[in-house]
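Pull the model up on your screen and keep the sequence at hand. We'll take a walk through it together, one region at a time.

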Amino acid sequence: MVKKILAKFEVSYLQALDEEGNADQQLMPKLSEKEMLRLYEMMVLVRAFDDKAFSLQRQGRIGTYLQIKGQEAAQVGSAMALKDDDWLFPMYRSAGALIARKHPMHLILAYYGGDERSLKAPEGINNFPICIAVGTQTLHAAGSAIASSLKNEKSVSLVYLGDGATSKEDCMSAMNFAGVFKAPVIFLVENNQYAISVPRKTQTASETIAQKAIAFGFEGIQIDGNDIFGVYGAVKNAVEKARAGKGPTFIECFTYRLGDHSTSDDAARYRLREEVAEWQKKDPLLRLEKFLSNQKLLTIAKKEEILEKAKEKVEEAVEAYEAMEPPAKDDFFKFMFKEMPEQLKEQHDEFMRSHL
Amino acid sequence: MAVMNIVQAVNSALKCALEEDKSVVVLGEDVGVNGGVFRATDGLQKIFGPKRVVDTPLSELGIAGVSVGMAVNGLKPVAEIQFSGFLYAAFDQLVSHAGRIRTRSRGRFSCPLVVRTPSGGGIRALELHCEMPESFFAHAPGIKVVCPSTPYDTKGLLLASIKDPDPVIFLEPTRIYRAIKEEVPDNFYAVPLGKARIAKQGKDVTIVTWGAMVKYTLDAVEKIKNDIDAEVIDLRTIYPFDSKAILESVKKTGRLVIIHEAPRTAGFGAEISATVSEKGLDLLSAPIVRITGYDTTLPFPKLEKEYIPDEARIIAGIKKVMAY
């Protein structure tokens with residue numbers, strides 16, 4: 001008779017910047033003062049955009065919008081650790097990542113305004129279009145990463161998903177493929193504690209989401225998702241590891257959605273005000289401000305200047321969005337196939353005749 | 001030129017594609033070392049290596065979704081789904097993504113993947129090994145659907161599908177994988193998508209069919225050739241389909257029979273029937289007849305021959321349209 005332990009594992013948690021804005025020098029990524037300010041400016045811009053988008057929805061100027069508030073560090077910190085030709089696979093709550101990846105803000109507004117012309121990535125930047133079907137984008141990232149490695153290219157793929165998405169079979173399969181093929185892919189989970197109303201504990205009995213990676217044969221870590229330095233550093237490391245051919249990394253950003261699931265949701269139905277208040281104290285933007293002020297990198301005047309500049313950019317984006325010419329009525333026919341097949345051509349002709 | 005059956009033609013097409021285009025990658029369950037359960041990919045991994053002919057984990061959803069990512073990132077994945085019924089597990093990735101990437105990204109990205117699968121019944125197999133899912137995919141925007149019926153066409157249509165800039169579902173006729181042999185060129189050639197083939201010329205009645213049913217239709221028509229001179233159209237591509245070829249033939253014959261294995265209701269025969277009614281009602285001398293599977297699941301092997309249109313049903317259908 002034999003009884004022995006075949007596998008043991010542990011899951012690490014990492015926080016470089018605490019809620020009071022104190023940084024752990026050992027865990028801090030290498031960043032110049034300029035780069036730190038750049039991260040801050042981007043977070044301020046994303047927050048300004050997010051607030052504006054929410055208000056535009058309330059005024060009926062865009063459609064359903066999904067707030068990022070509270071998750072800026074996870075999105076900005078990860079997106080800014082990539083190169084332009086790396087592949088980014090965003091989901092419906094990834095506006096922050098897209099802004100950091102140079103997707104024009106007026107087009108992001110146009111997306112939530114229901115305009116199909118909005119998701120074309122800027123040339124030279126490999127931003128995949130926003131994915132709506134929860135978790136299905138994980139497989140595209142795994143496939144894209146496998147392609148990069150089959151082509152001997154150095155680009156990596158990073159995919160955003162939520163805690164709920166980790167229950168999807170696509171996610172399990174993506175992690176499985178990624179592990180088997182040692183694909184250069186990073187799974188960036190924004191664990192914001194809720195999938196609409198369903199809390200994280202109903203999503204999985206596993207103690208952390210990060211540890212799911214271990215079953216698929218690669219590293220999973222949990223990061224304080226409201227700590228931009230922790231996120232940036234972890235993603236940077238994962239990117240370097242992927243580029244070096246050492247395979248995938250699964251990063252669980254432990255964070256919180258300060259807003260509702262979407263502009264059609266009322267989170268008060270399923271979570272307590274006290275809980276939200278506790279998380280407001282952990283606001284990723286506040287703690288970065290504290291840190292930068294302590295480091296004498298941010299004066300009150302500078303802070304105001306950055307905020308004003310961000311608001312201006314957002315206002316310009318709103319103007320550009322609202323000044324967009326409406327799409328041609330037959331716009332939705334144009335990109336179904338490279339060349340319209342016979343049946344579609346006939347329907348298009350019929351459509352055009354009826355719109356003369 | 002070599003004499004090949006349909007499986008060998010698939011193999012030959014994949015070999016040509018892998019030789020011709022470095023971005024082509026064959027992937028699926030058991031396609032590498034084992035050469036596929038039907039041997040469609042036999043020997044390819046030996047020639048092209050495990051990075052071009054890739055054995056994958058057992059997940060059809062995964063194979064489809066990963067193929068989408070590969071296609072967007074510059075490769076041309078040719079994925080094998082081991083049996084057509086397992087395509088249902090991949091359906092979400094194909095319909096929600098493969099067919100939509102081009103339009104969602106405004107043409108910045110495309111998804112030129114091919115999913116090939118053995119399809120159709122009559123092989124005494126287990127459940128879900130014999131589905132004919134062409135209608136599901138014909139109904140899915142942004143996806144093309146191809147059903148070859150001969151070795152020559154199989155190779156040419158598969159190469160055209162691999163060359164195609166958009167996603168293609170390629171449904172291979174399992175039942176006749178080894179039933180027909182003919183000369184097939186060794187080199188690269190394409191049979192264009194969207195063009196039907198007149199499998200047999202005739203003047204009395206037009207019969208439209210595809211996949212394995214082409215062979216059984218031709219056999220049936222042969223039996224009654226002294227009485228009825230039927231024209232048999234092998235549709236070859238389900239979407240987009242060659243409505244012109246059908247209408248031209250109906251113009252000549254005035255009668256139309258549509259034969260397919262899949263269930264009748266909302267089967268692709270309905271689309272053909274609607275098209276001919278809309279555009280060629282005045283060409284018809286008789287109501288259109290459909291000879292199809294029933295709105296049931298494909299029975300297990302003991303009764304599957306009751307379900308799949310056979311010679312007797314085909315002949316009865318033709319006689320019915322002629323008697324009107």
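What follows starts where the two chains meet, moves on to the pockets, and ends with a few local details. Keep in mind throughout that this is a predicted model.

Let's begin at the interface. How many residues of chain B are in contact with chain A? There are 45 of them, and they meet 48 residues of chain A. Put together, the two chains bury an area of about 3800 Å², and carbon and sulfur atoms give 63% of that. On the chain B side, the residues that lose the most area to chain A are B:N73, B:R106 and B:R108, which together make up 22% of what that side buries.

Now for the polar side of the same interface. Across it, 18 residue pairs are in polar contact, counting pairs with both residues at pLDDT 80 or more. Which parts of chain B do the touching? The elements that each supply at least two residues are the strand β3 (53-55) and the helices α3 (60-72), α4 (87-98), α5 (101-104) and α9 (243-253). The largest share comes from α3(B), with nine residues. Sort this side of chain B by class and you get 18 nonpolar, 15 polar and twelve charged residues.

Some of the charged residues deserve a closer look. Side chains of opposite charge can pair when their charged atoms come close. Between chain B and chain A the count is two salt bridges. One to find on your screen joins B:R106 to A:D331, with the closest N and O atoms 2.8 Å apart. That is the B:R106 named above among the residues of chain B that lose the most area to chain A.Over all chains, a search of the whole structure finds 34 salt bridges. Inside chain A, for instance, the side chains of A:E322 and A:R61 meet in a salt bridge at 2.8 Å, N to O. This pair ties together distant parts of the chain: A:E322 sits in helix α12 (residues 300-322) and A:R61 in the loop between α1 (33-58) and α2 (72-79), 261 residues apart.

Next, the pockets. Rolling a probe the size of a water molecule over the atoms shows where empty space is left. The largest pocket holds about 1100 Å³ of space. Its lining takes in 46 residues, and those nearest its centre are B:S135, B:F136, B:A138, B:H139 and B:A266. Which elements give two or more residues to this lining? From chain A there is α13 (342-354), and from chain B there are α6 (134-138), β13 (256-263), α10 (268-280) and α11 (304-307). The biggest contribution is the six residues of α10(B). By class, the lining divides into 27 nonpolar, eleven polar and eight charged residues.

The second largest pocket has a volume of about 480 Å³. Here 20 residues form the lining, and A:E116, B:S96, B:R100, B:T103 and B:R104 are the ones nearest the centre. Both α4 and α5 of chain B supply at least two residues each, with α4(B) giving the most, three residues. You have met these two helices already, as both also supply residues to the side of chain B that touches chain A. This lining has ten nonpolar, six polar and four charged residues.

Back to α10 of chain B for a moment. Just where is B:I288? You'll find B:I288 in the loop between α10 and β14 (289-293) of chain B. Leaving out residues up to four places away in sequence, B:I288 touches B:L256, B:I258, B:S273, B:V276 and B:S277. B:I308, by contrast, lies 20 residues from B:I288 in sequence and 19 Å from it in space, C-alpha to C-alpha.

Last, some backbone details worth clicking on. The peptide bond from B:Y239 to B:P240 is cis, with omega near -5 degrees, and B:P240 is in the loop between β12 (237-239) and α9 of chain B. Two residues other than glycine have a positive phi: A:K102, near 65 degrees, and B:L128, at about 65 degrees. Each is in a loop, A:K102 between α3 (95-100) and α4 (105-112) of chain A, and B:L128 between β5 (114-119) and α6 of chain B.

Terms used: Residues numbered from 1 in each chain as written. Chains lettered and ligands numbered in written order. Predicted model: local features only at pLDDT ≥ 70, side-chain atom pairs only at ≥ 80, totals over all residues. Heavy atoms only, no water. Contact = heavy atoms within 4.5 Å. Buried area = accessible area lost by both parts, 1.4 Å probe. Salt bridge = Lys/Arg side-chain N within 4 Å of Asp/Glu carboxyl O. Polar contact = N/O pair within 3.5 Å; in protein donor to acceptor, adjacent residues only side chain to side chain. Helix = DSSP H or I, 4+ residues; strand = E, 2+ residues; numbered from the N terminus. Nonpolar A, V, L, I, M, F, W, Y, C, P; charged D, E, K, R; others polar. 1 Å grid on protein atoms, 1.4 Å probe; cavity = no way out; pocket = protein on both sides within 12 Å on 5 of 7 lines; lining within 4 Å. Points joined across faces, edges and corners; volume = space filled by probe spheres on them.
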